[in-house]
Amino acid sequence: MTNRKERTYGLVGSVCWSADRERVLSRSWDGTARVRDVETEETMLDPMKVGHEKVFVAIFSRDTDTTEIVTGGQNEDGVKIWNAKTAELLSTIEHEDLAWSLVWTSDQKYLIVSTSLLDKTVRMWNLDTNLQVGQPLRHEEYVNGAALSPDRKLLVTYCSDKSVYVWDIHTILKDAASRSPLTMRGHTDTVWDVAHLPSRRQIITCSEDGSLRLWNLESGAQIGDEWRDEEEKAGVTIIALSPNGKTVASGGRDGRVKLWDVEGQKVIAKGTGHSDMVESLCWSGDGQRVLSGSDDGTAKVWNVERGQTVLSPIKTGHE
């Protein structure tokens, strides 16, 4: 069995912009989710006691009019959907295992939930009925997350076995026996994250081995050489693609935030960084800012053009 590299998912392991880019959502192992104003850093809701013993993931919906928050974590309380303005609990998905990562489909009709430590599956849920769709996608090793292609036809899962898997969404929705996924191998350590390139059948992956890699989704072949910052070789724990698809932001175990040019496949800017591992990254919708969350207990907002933070570190208040 592959040994899972320690990733604490601690103080600020998930950060997310609201669709209107005015609020920041963070979650913590202290069992809370918090919403803050980006400019004033003021708390917009009382800390949400969401019912999970530890909150592993929290995300905003993409709808600016009916914004919702989804949370998942450790215990048997399932996945919960909240009103982002009032903190009212709207519904609960009876997901049996802990929720490690959450992904909305673009139409917000389905929610994809990854579980890691126990049953090592990825499941899709219909949000109108709160019922599971199709069969669980089963893996041999820990599942670190899932990413849906822009056309919603392919689901990519990535694992601690150093591999990436590509699943056909049509097969899942038809509730047919899931065919074997396309498997991508090349990384020499745990794969932590995946980003889909828009208008291409390609993905970028990052790994504990310190590299980023580009892949062909149809053949499963790696495209070109691995991407590395030869000056700093810490494990890359998170990546996020800019809205225009030209720049990748990465965060590492060393607390650094970096920007990579997709075409040139090289680092073009480095942030001062956090004092502990970067757990989460999210671009603003206009592509001008990147939000990062770290185990140092802070979230930072970066100006992409200048490569510098534009606000003081946001003290999220998580313990």
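**Cavity lining, a buried hairpin and the annotated repeats**

Strand E21 contributes three residues to the lining of the largest cavity, the largest share of that lining. The model examined here is a predicted one, and the cavity is a convenient place to start. E21 spans residues 247-252, and both this strand and strand E22 (257-261) supply at least two lining residues each. In volume, the largest cavity holds about 100 Å³ of space. It is lined by 13 residues, and those closest to its centre are Glu 232, Ala 234, Val 236, Ser 250 and Lys 258. Sorted by class, the lining consists of five charged, five polar and three nonpolar residues. In total, five cavities of 30 Å³ or more were counted. Such spaces come to light because rolling a probe the size of a water molecule over the atoms shows where empty space is left.

Further along the chain, strand E24 covers residues 278-283, and six of its six residues are buried, so this strand is largely enclosed by the rest of the structure. E24 runs antiparallel to strand E25 (residues 289-294), and five bridges join the two. Within this pairing, Trp 283 lies opposite Val 290 of E25. Five residues separate the strands of this hairpin, and among them Gly 287 adopts a positive phi near 75°. As a reminder for readers following the side chains by eye, those in a regular strand alternate between the two faces of the sheet.

For the chain as a whole, the secondary structure comprises 28 strands and one helix. Of its 319 residues, 57% are buried. Among contacts with a separation of 6 or more, 43% link residues that are 24 or more positions apart. An unreviewed UniProt entry annotates "repeat: WD" over residues 136-171, 184-225, 229-270 and 271-312. Taking residues 136-171 as an example, the model shows 58% strand and 8% helix, with the end C-alpha atoms 12 Å apart.

A loop position towards the other end of the numbering completes the picture. Thr 40 sits in the loop between strand E3 (32-37) and strand E4 (48-49). With a relative accessible area of 46%, Thr 40 is classed as partly exposed, because that class lies between the limits of under 20% for buried and over 50% for exposed. Glu 22 is 18 residues away from Thr 40 along the chain, and the C-alpha atoms of the two are separated by 9.9 Å.

Terms used:
Residues are numbered from 1 along each chain as its sequence is written. This is a predicted model: local features need pLDDT of at least 70, side-chain atom pairs count only at pLDDT 80 or more; totals for chains, interfaces and linings use all residues. Side-chain values use heavy atoms; hydrogens and water are left out. Buried means under 20% relative accessible area, exposed over 50%, partly exposed in between (1.4 Å probe, protein chains only). Helices (H or I, at least four residues) and strands (E, at least two) are DSSP runs, numbered from the N terminus. Two strands pair if DSSP finds at least two bridges between them. On a 1 Å grid over the protein atoms alone, a cavity is a set of points where a 1.4 Å probe fits but cannot get out, and a pocket is an open set with protein on both sides within 12 Å along at least five of seven lines; lining residues have an atom within 4 Å of a point. Grid points are joined across faces, edges and corners, and a volume is the space filled by probe spheres set on the points. Ala, Val, Leu, Ile, Met, Phe, Trp, Tyr, Cys and Pro count as nonpolar, Asp, Glu, Lys and Arg as charged, and the others, Gly among them, as polar. UniProt positions are given in the numbering used here, feature names are shortened, and annotations may be inferred rather than shown by experiment. Contact means heavy atoms within 4.5 Å.
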